[in-house]
Amino acid sequence: MTATTLILDGNQVATRIKESLIGRINRLSEKGIVPCLATILVGDDPSSATYVRMKGNACKRLGIQSIRIDLPKNTSTDELIEVINQLNADTNVHGILLQHPVPNQINERAAFDAISINKDVDGVTTLGFAQNAFDFANFPSCTPAAIIAICEYYNIPIEGKHAVVIGRSPILGKPVSLMLLNKNATVTVCHSKTTNLADLVRLGDIVVAAVGKPKFVQGDWIKPGAVVLDAGYNEGNIGDIDYDHCIKNASAITPVPAGVGPVTIATLLKHTVEAAEKLA
Ligand code: NAP
């Protein structure tokens with residue numbers, strides 16, 4: 001670690017976001033409205049169950065209602081869409097989160113697209129994604145929005161910088177690439193078929209790791225002075241970057257845990273409150 005490496009504290013950013021919600025939740029409460037997030041978990045994947053539990057607990061601590069719907073792992077696409085339609089119609093539910101990934105037999109795109117745009121608090125619908133691409137989404141995907149929120153909190157300049165994003169999933173790599181582009185970064189998006197990955201990452205003033213592979217990004221891939229944002233979350237609280245080595249070159253870096261994760265959850269709560277405000 002260089003003496004000047006800034007550790008980007010996700011807990012601090014998350015706390016700031018959550019504090020800003022307290023008054024808004026109280027004002028909704030005066031109108032008899034309690035923001036409500038419905039989370040759907042299909043199957044029994046232990047990490048997904050943990051994520052859903054963490055989100056439910058975070059809601060509870062802030063006075064947001066959370067409804068958890070557990071569906072068996074053999075649920076069909078039609079059955080899942082039926083549940084989503086019921087939640088769309090329920091005026092007490094303001095946000096709907098379908099935990100990704102769903103079992104293979106389900107058409108995940110069809111299920112995501114069944115979520116009403118007004119309740120799409122994680123920006124997973126085709127329309128929500130497109131609105132984000134055009135830079136006018138009400139609810140951009142939470143992890144990409146969290147990455148941008150961390151940059152804003154710490155005044156990390158994006159405009160004119162070369163951002164290298166590793167990963168192009170529809171919920172993370174692609175939307176964060178578009179958000180960085182909308183903020184006038186020059187963006188390189190890398191994926192599993194990218195050749196010369198290390199050389200491309202070495203060009204990045206900002207590096208976003210969204211790969212899903214523990215300690216994937218190596219320390220000597222990081223240009224001295226680059227900002228490293230690790231969206232990864234793997235078993236054992238390990239990110240997608242080799243933190244101990246990347247920190248030696250980075251000027252600023254997110255740890256795992258306590259980096260992007262808590263800000264993602266705070267962003268989800270914020271979107272749920274905003275959805276409730278819009279309905280009110
Ligand atoms: P995903 O859907 O599995 O996507 C992974 C991406 O990484 C794909 O685009 C894939 O390329 C690319 N990739 C895989 N191997 C690669 C390689 N060898 N070289 C370059 N690129 C490679 O995963 P995801 O849902 O985006 O999640 C990514 C990470 O973020 C995971 O660690 C996940 O746990 C974490 N995550 C964290 C949060 C949070 O709140 N912190 C939220 C969501 C996800 P192809 O497209 O070519 O397959």
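Trainee: Which helix is Leu127 found in?
Mentor: In this predicted model, Leu127 belongs to helix α5, which covers residues 126–133.

Trainee: And how accessible is Leu127?
Mentor: Leu127 has a relative accessibility of 46%, and because the partly exposed class runs from 20% to 50%, Leu127 counts as partly exposed.

Trainee: How far is Leu127 from Ala14?
Mentor: Their C-alpha atoms are separated by 27 Å, and along the chain the two residues are 113 residues apart.

Trainee: Switching to domains, what does the assignment give?
Mentor: The domain assignment of the protein chain gives domain 1 as 31–116 and domain 2 as 142–261, and the C-alpha centres of these two domains lie 28 Å apart.

Trainee: What about helices α1 and α6, at what angle do they cross?
Mentor: The axes of α1 (residues 10–30) and α6 (residues 142–153) cross at roughly 95 degrees and come within 10 Å; the two helices are therefore roughly perpendicular to each other.

Trainee: Which residues make that contact?
Mentor: On the α1 side the contact is made by Gln12, Val13 and Arg16, and on the α6 side by Ala149, Ile150 and Tyr153. By character, the residues of this contact divide into four nonpolar, one polar and one charged.

Trainee: Now salt bridges, how many are there in the whole structure?
Mentor: A search of the whole structure finds nine salt bridges. One of them joins the side chains of Glu277 and Arg24, at 2.8 Å from N to O.

Trainee: Why does the pair of Glu277 and Arg24 tie together parts far along the sequence?
Mentor: Glu277 lies in helix α10 (residues 260–279) whereas Arg24 lies in helix α1, so the pair ties together parts that are 253 residues apart in sequence. Glu277 itself is partly exposed, with a relative accessible area of 29%.

Trainee: What about Asp113 and Arg109, where do they lie?
Mentor: Both lie in helix α4 (residues 108–113), where they are four residues apart, about one turn of the helix. They form a salt bridge whose closest N and O atoms are 3.3 Å apart. Asp113 is partly exposed, with a relative accessible area of 34%, and Arg109 also counts as partly exposed, at 34% relative accessibility.

Trainee: And Asp199, which residue does it meet in a salt bridge?
Mentor: The side chain of Asp199 meets that of Arg202, at 2.8 Å from N to O. Asp199 counts as partly exposed at 45% relative accessibility, and Arg202 counts as partly exposed at 32%.

Trainee: Which residues do shared salt bridges join into a network?
Mentor: Salt bridges that share partners join Arg24, Lys270, Glu274 and Glu277 into one network.

Definitions and conventions
Residues numbered from 1 in each chain as written. Predicted model: local features only at pLDDT ≥ 70, side-chain atom pairs only at ≥ 80, totals over all residues. Heavy atoms only, no water. Domains from an automatic or database assignment. Buried < 20%, exposed > 50% of the residue type's maximum accessible area, 1.4 Å probe, protein only. Axes fitted to C-alpha atoms, helices over the stretch in contact; angles between N-to-C directions. Parallel < 35°, antiparallel > 145°, perpendicular 65-115°, else oblique. Contact = heavy atoms within 4.5 Å. Nonpolar A, V, L, I, M, F, W, Y, C, P; charged D, E, K, R; others polar. Salt bridge = Lys/Arg side-chain N within 4 Å of Asp/Glu carboxyl O.
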